[in-house]
Structure formats: structure tokens, C-alpha cells
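Hi,

Here is the structure I promised to send over. Have a look at it first, and then read on for my notes.

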Amino acid sequence: MFEALTPVSEMLTRNLDTLSRQPLLVCGLLEDDLPGLLADAGPAPRIFTTDFRYFQWLQGKNRGLAVEFGHLPAQEPAAGLLLLMPKAKAEAEYLLATCLPLLAPGAPVFIAGDNKGGVKAAPRLLAAYCDQVNKLDSARRASLYQAELSRPVTPPDPAAWVRRYSLARDGLSICSLPGVFSAEHLDSGTRLLLDTLDQVEGRVLDVGCGAGVIGATLLKRNPAIRLEQTDISALALQASRLTLAENGLAGEVYASDGLAQVRGPFDCIVTNPPFHAGLKTFYHTTETLLRQARDYLAPGGQLLLVANAFLPYPEIIGQAFGHCDTLAANGKFRIYRARR
Ligand SMILES: C[S@@+](CC[C@H](N)C(=O)[O-])C[C@H]1O[C@@H](n2cnc3c(N)ncnc32)[C@H](O)[C@@H]1O
């Protein structure tokens, strides 16, 4: 899925001379083999990604590149930074604040991105760090900005990035980080799911845990369950860990692309699954999850999920399980359950 070059990377191929003058730390919205292009043109870049699926894909290419997956980059000096503008501006601010302390004053800082994806904010994002920001190129509806780090940057206090909201019914405080789904409030689909579910037991898997709200709520209501929470976003995984810790709860939190890295059987798989209008891959991820879930459940175990009413998930669940029950519905969402 990362094989084709994005328009942003196509524009960057015209600037490889400039970009490959030094080994860059590359982070942000990585969606293709830009690291390979940079490595072919000059010193090998170092890649820091918060996306587990991209991390696995790039590692699988076996190019010998240094690839890091996590919510923070390794604390090693870097000669320059290329930020590929992520979708959320708050995530761009977070990545700059966490990566720029690794650069020395005078080091080059590049920001590239789709013109519709917020890259025009680059001068504003860099204002606190760089005295002058230049637009270096613009093509294929993408732009590249260049600046020089003007002063040393102090590593940020990780706690300063945490956002919180409370769930009064369960007395929970949910912690979130930039770019995490529904970072500042409970999603209305998740709300319907939590209003519908009460008792679960045994081994419970919260797939695509985001800030950890589903798993933390179920654990608070059912202290005897053994909870596992997974996501592909390192920021989501860290937010879920913080949510558990803040509420005195314990669970296992780890990266998994769908069910690929989990080991069944579970008594319950629960999810507000990945969904993004217009991006086919998101439907694909969830459809695969629904088809595979039965194999990861113990006999009698249940799959529980919330989904937009218009999605064809009941048919897919029906094909895999032989039935699909609708436990609740409102104008927008449905809660589905199937048992093995
Ligand atoms: C709709 S959000 C739900 C988040 C959280 N459970 C909630 O209800 O607020 C879906 C989550 O799935 C994660 N995700 C996307 N693709 C995934 C994949 N292939 N495997 C696991 N998680 C994925 C996203 O990072 C996001 O956190």
C-alpha cells in the first residue's frame, strides 16, 4: 500500500540535491519510499514514525535504514530535519517540539506537504524556532519550506502534551496526545457502544484503542477482566498507557496492525474500528478484522463493535459468524454483536 510515490514525494524528487546534503531525520506523514530515494541520493536518512504499519513496511524493505517506531524519537543528535506535514496541526507541533531538540543551531529544517493538508502553516509552526522561513518549491499541489534552526531547543516536558477529559459515569479521566482519535472528547459512536455494554469477562481485546477509552471503561466496570489494547499509532498506544496509569488500571498495550500481532483466543474483541471517509484502505482494515475475528475468539466469545449505520458490516459479520445481532441503534450508529 505504500508502493506509489505521493505527489509530495514527487515534488521532493526535484529537491534531492538540497535534501541529501546531510543525513536527515525524517518524520511525519510517511506514505511511500521517500527514505529510499533520499538514501539513493546521499547519506542515509534516519526515519522516525508513529505509524506501526509504515514501520513494518519500511523494515520489510531491508534497506538497512535506521527506522524508529514510537511516540518519541531516539535521543540522538541529528544533522537536519524533514517533517512531512501530518493531518493534525497539533501533531506537527508535537513532532517539531520532540525532534528539534536533537538538532544544533544552524541545522536545516524542512517541512513538506500537500497544499490542502496544512503545509502553508509551516512558517507559523517554525516561527518559534527559526528566524527566517523560505518557500523552496511548489509543484503537484505540494510545497516545500526550508529554514535554519536559530537557537538550541530544550526537550519538551512530555506531560505538557497530554490532554484530558472526564467520563463522569465511570469516574474516569481519559488522557490523550496530539493526533489521537477523538483527543478532547468522547466520540459519539464510542459513547453509544459504552452505553450499550456493561458486562464482559475473561480476556478482552480493545482493537484500535485510540486514547484507551473503551478498554479503560470496561476494566473499571469489570475489574476481573484481562485487558489488551492495540493500535497502529504510537501516540494512541502511549495515550492508552497514560489513561490506564492515571486511573490506577492495568492492562497490556502494544502495537498491532489489525489482528496481525495479537494471540488469541479472547473472550471478547471490542472495537470502534478504523474508519475514514474516502480512504479505501480504512474499510479494508476493518473488513479484514471482521472476517478474521472469529478465529481469535474462544468458543462463546463475542465480537462487539460500533459502526456507522450505512456501512455493510452486518453482511460481512454474518458471512464470518453465521449471524450478526444489532444491540442498539440511533440515527447514525449501530452496535453489532456476534458470538463464536
Ligand atoms: C475510530 S478510532 C477509535 C479509537 C478509540 N477506540 C475510541 O473509541 O475513541 C480507530 C483507531 O484505530 C486505529 N487504527 C487504524 N488502523 C489500524 C490498524 N490497521 N490496526 C489497528 N488499529 C488501527 C487508529 O489509530 C484509531 O486509534
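Below is what I found, going from the ligand to the sheets and then to some backbone details.

Keep in mind that this is a predicted model.

**The ligand site**

Which residues sit closest to the ligand? They are Thr190, Gly208, Asp231, Asp257 and Gly258, out of 18 residues that surround the ligand. Sorted by class, that shell is made up of eight polar, seven nonpolar and three charged residues.

A few polar contacts are worth clicking on. The side chain of Asp231 brings an N or O atom to 2.6 Å from an oxygen atom of the ligand. Gly258 uses its backbone instead: an N or O atom there is 2.8 Å from a ligand nitrogen atom. Cys209 also comes in through a backbone N or O atom, at 3.4 Å from a nitrogen atom of the ligand. As for how much of the ligand is covered, on its own it exposes 590 Å², and the protein buries 92% of that.

**The sheet with E1 to E7**

Next, the sheets. One of them is open and has seven strands, in the order E3-E2-E1-E4-E5-E7-E6, with mixed pairing. Its edges are strand E3 (66–69) and strand E6 (133–139); each has a single partner strand, so one side of each is left without a neighbour in the sheet. From one strand to the next, the twist averages 20 degrees.

Inside this sheet, strand E5 (residues 108–114) and strand E7 (residues 142–148) are joined by seven bridges and run antiparallel. If you want a pair to find the register with, take Val109, which stands opposite Ala147 in E7.

The UniProt record (an unreviewed entry) puts the feature "domain: Methyltransferase small N-terminal" at residues 9–165. In the model that span is 27% helix and 25% strand, and its end C-alpha atoms are 37 Å apart.

**The sheet with E10 to E16**

Another open sheet of seven strands has the order E12-E11-E10-E13-E14-E16-E15, and its pairing is mixed. Strand E12 (252–255) and strand E15 (325–329) are the edge strands here, each pairing on one side only. Ignoring direction, neighbouring strands of this sheet are turned by 20 degrees against each other on average.

At the E15 edge, four bridges connect E15 with strand E16 (residues 333–339), and the two run antiparallel. Ala328 has Ile335 in E16 as its bridge partner.

**The E8/E9 hairpin**

Strand E8 (residues 163–167) and strand E9 (residues 172–176) are antiparallel and share five bridges. Tyr165 is bridged to Ile174 in E9. There are four residues between the strands of this hairpin, and Gly171 has a positive phi near 60 degrees.

**Backbone oddities**

Most residues other than glycine have a negative phi, and most peptide bonds are trans. With that in mind, here are some places to look at:

- The Gly264 to Pro265 peptide bond is cis, with omega near 0 degrees. Pro265 belongs to the loop between E12 and strand E13 (266–271).
- Arg140 is a residue other than glycine with a positive phi, near 50 degrees. Its place is in the loop between E6 and E7.
- Ser182, also not a glycine, has a positive phi near 50 degrees. You will find Ser182 in the loop between E9 and helix H7 (188–196).

If you open just one view, I would start with the ligand and the contacts from Asp231 and Gly258, and then go on to the cis bond before Pro265.

Cheers

Terms used
Residues numbered from 1 in each chain as written. Predicted model: local features only at pLDDT ≥ 70, side-chain atom pairs only at ≥ 80, totals over all residues. Heavy atoms only, no water. Near = heavy atom within 4 Å. Polar contact = N/O pair within 3.5 Å; in protein donor to acceptor, adjacent residues only side chain to side chain. Areas by Shrake-Rupley, 256 points an atom, 1.4 Å probe, with all protein chains shown as cover. Nonpolar A, V, L, I, M, F, W, Y, C, P; charged D, E, K, R; others polar. UniProt positions renumbered as here; feature names shortened; annotations may be inferred. Pairing = 2+ DSSP bridges. Axes fitted to C-alpha atoms, helices over the stretch in contact; angles between N-to-C directions.
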